[in-house]
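Reader: I'm new to protein structures, and I keep meeting words without knowing where they come from. Could we go through some of them together?

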Amino acid sequence: MPRILFADNDFPDIALERELFARHGIELDVAQCRTEDDVIRAAKGARGMLLQYAPITERVVASLPELGIVSRIGAGYDTIDTAACARHGVWVANSPDYGVGEVATHALAMALASVRNIVAWHRDVTAGRWHYTSAGPVKRASDLTLGIVGLGRIGKRMAHVSRNLFRRVVACDPYLIDGDFPAYVERANLEEVFAQSDIVSLHVPLTAETRGMIGARLLAGMRHGSHLVNTSRGAVLDVDAALDALDRGTLAGLALDVLPVEPVAAGSRLAVHPRAILTPHSAFYSVESERELRRKAAQNLVTWLATGRPDYVVTAGTRKP
Ligand code: NAI
């Protein structure tokens, strides 16, 4: 009976995975690995690995010659050294399309909450202040320009669900050909997106190129009173530079679902900032998307064991089931 390691998870229970693997005659080991050493110890002899945040590094894959595949429960895979996996022939799979609508809706909700002052007004009202100007001026949404950085699955959906709300949608994505830009999205470069937009929403993966890509220089080029939304990965944005921009008024609102270090430190400058809106890396979440996310990530292992290839390939491997 092939054995799979469930390397880490933060789910209330894992009945879904247990049931799927049992149905296909696959043995399941469950661990909560935080470090490389945890993973190496727990995965000895496993043919495949299902994981959330457990680190998959060169040392991990080099130490596990029987491991054929790792499947990440999520769309992003920046916790996995995909180049090392490719060198060792280990397949990398993910679950890329379970929550495109959820993340886009969440980004739009954060953008509108920021533009419409929802959180600040709520705080004022519950503190006994009842006046429409209590939280400062509000601009008309239909006069605003939305800028999107990264026009992939989620960025495109964000553009689609937002296109009738704002005056213009501009986007930058150097890896797309012109034909992949919808007609209602104007193409721009990164500097132009920041200079022309009233709201910028980030939708890039975390890579060597995008790490720290949004910092003081780009923020300084924004219009006074703009808004920034990040539902991609925390390390794409220099949060201190964004807080400085908030204090200067360049940013009127900062809405973050993802942080360089999660969770936010209690009492930190970000946690107590009155113009920052925070959610706990929950953009992906709905009851339905969580089920789909977990089913697809686990199914990658079932399919690989049966056919030698997972459903959603990030990096093709050479190791066989
Ligand atoms: P995707 O791969 O479909 O799209 C990413 C786009 O970014 C691609 O079109 C790519 O060409 C573009 N890109 C790459 N480097 C760029 C750069 N330097 N400048 C501009 N564009 C660049 O990925 P998808 O599904 O749209 O997801 C985007 C990210 O959202 C994921 O990588 C993940 O990190 C994050 N995410 C966050 C979730 C949450 O709960 N907050 C849930 C799901 C995904």
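Author: Happy to; the answers below go through helix pairs, spaces inside the protein and two backbone details. Please keep in mind that this is a predicted model.

Reader: Let's start with helices. What describes a pair of packed helices?

Author: Two packed helices are described by the angle between their axes and by the distance between those axes.

Reader: What makes helix 5 and helix 7 oblique to each other?

Author: The axes of helix 5 and helix 7 cross at roughly 55°. An angle counts as oblique if it falls outside the ranges for roughly parallel (under 35 degrees), roughly perpendicular (65 to 115) and roughly antiparallel (over 145). The crossing fits none of those three ranges, so helix 5 and helix 7 are oblique. Their axes come within 8 Å, and the crossing is right-handed.

Reader: Which residues make that contact?

Author: Helix 5 brings Val100, Gly101, Val103, Ala104, Ala107 and Leu108, while helix 7 brings Arg153, Ile154, Arg157, Met158, Val161 and Ser162. By class, this contact has 8 nonpolar, 2 polar and 2 charged residues.

Reader: Why is helix 1 called roughly parallel to helix 12?

Author: The axes of helix 1 (residues 15-23) and helix 12 (residues 287-307) cross at roughly 30° and come within 10 Å. Angles under 35 degrees count as roughly parallel, and therefore helix 1 is roughly parallel to helix 12. This crossing is right-handed.

Reader: Where do helix 1 and helix 12 meet?

Author: On helix 1 the residues are Leu16, Glu17, Leu20 and Phe21, and on helix 12 they are Arg291, Arg294, Arg295, Ala298, Gln299, Leu301 and Val302. The contact divides into 6 nonpolar, 1 polar and 4 charged residues.

Reader: Now the spaces. What makes one a cavity and another a pocket?

Author: In a cavity a 1.4 Å probe fits but cannot get out, whereas a pocket is open. This structure holds 1 cavity of 30 Å³ or more. The largest cavity has a volume of about 70 Å³. Among the residues lining that cavity are Ala113, Asn117, Arg123, Gly253 and Ile277. Helix 5, helix 6 and strand 12 each give two or more residues to the lining, and helix 6 gives the most, with 4. The lining divides into 7 nonpolar, 3 polar and 2 charged residues.

Reader: What is known about the second largest pocket?

Author: The second largest pocket has a volume of about 200 Å³. Its lining has 14 residues, with Pro137, Val138, Gly225, His227 and Ala252 nearest the centre. By class, the lining holds 6 nonpolar, 5 polar and 3 charged residues.

Reader: On to the backbone. What makes Asn117 worth a look?

Author: Most residues other than glycine have a negative phi. Asn117 is not a glycine, yet its phi is positive, about 65°. Asn117 sits in the loop between helix 5 and helix 6, and it also helps to line the largest cavity.

Reader: How do you know which kind of peptide bond joins Glu262 and Pro263?

Author: Look at omega: it is about 0° for the bond joining Glu262 and Pro263, which is cis. Most peptide bonds are trans. Pro263 lies in the loop between strand 11 and helix 11.

Definitions and conventions:
Residues numbered from 1 in each chain as written. Predicted model: local features only at pLDDT ≥ 70, side-chain atom pairs only at ≥ 80, totals over all residues. Heavy atoms only, no water. 1 Å grid on protein atoms, 1.4 Å probe; cavity = no way out; pocket = protein on both sides within 12 Å on 5 of 7 lines; lining within 4 Å. Points joined across faces, edges and corners; volume = space filled by probe spheres on them. Nonpolar A, V, L, I, M, F, W, Y, C, P; charged D, E, K, R; others polar. Axes fitted to C-alpha atoms, helices over the stretch in contact; angles between N-to-C directions. Left-handed = near helix turned anticlockwise from the far one by under 90°. Contact = heavy atoms within 4.5 Å.
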